[in-house]
Amino acid sequence: MLTWSIPQSKELYNIQNWGGGFVNINKQGELTISPNSEHSGLSLYQIAKNLESQDLSFPILVRFPNILCQRIKRLYKAFAKAMEREQY
């Protein structure tokens with residue numbers, strides 16, 4: 001029987017690319033979100049368990065405004081770089 005590893009999961013789900021540096025898998029195998037560089041990652045599993053203990057029903061929408069802000073900044077920089085390169 002093969003053992004599955006966290007690096008295999010990261011590769012299979014291509015987390016490095018689609019996660020944009022905000023998504024990872026911790027040592028416990030839980031998906032984590034890093035809303036900014038100050039956090040090592042918030043476990044989505046732990047967030048769900050915490051919300052469940054508050055008698056909230058699923059599905060639940062969890063928003064990370066810092067991620068949206070960072071993505072907008074990256075997009076702005078990409079457009080500015082393209083404009084400079086194309087002398088627009």
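**Exercise 1.** Determine which residues Glu30 touches, not counting residues up to four places away in sequence, and what its side chain contacts in a polar sense.

*Solution.* Glu30 touches Asn24, Ile25, Ser43, Tyr45 and Gln46 once residues up to four places away in sequence are set aside, where contact means heavy atoms within 4.5 Å. The model is predicted, so local features need pLDDT of at least 70 and side-chain atom pairs count only at pLDDT 80 or more, while totals for chains, interfaces and linings use all residues. Residues are numbered from 1 along each chain as its sequence is written, and side-chain values use heavy atoms, with hydrogens and water left out. Next, the side chain of Glu30 makes a polar contact with the side chain of Ser43 at 2.7 Å (a pair of N or O atoms within 3.5 Å; within protein, one must be able to donate a hydrogen and the other to accept it, and residues adjacent in sequence count only if both atoms are side-chain atoms).

**Exercise 2.** Place Ile33 in the structure and decide whether Ile33 is buried or exposed.

*Solution.* Ile33 has its place in strand E2, a strand being a DSSP run (E) of at least two residues, numbered from the N terminus. Its relative accessibility is 9%, and therefore Ile33 counts as buried (under 20% relative accessible area, with exposed over 50% and partly exposed in between, for a 1.4 Å probe and protein chains only). Finally, leaving aside neighbours within four places in sequence, Ile33 is in contact with residues including Phe22, Val23, Leu44 and Phe64; Leu44 is 11 residues apart from Ile33 in sequence and 7.0 Å apart in space, C-alpha to C-alpha.

Note on methods:
Helix = DSSP H or I, 4+ residues; strand = E, 2+ residues; numbered from the N terminus.
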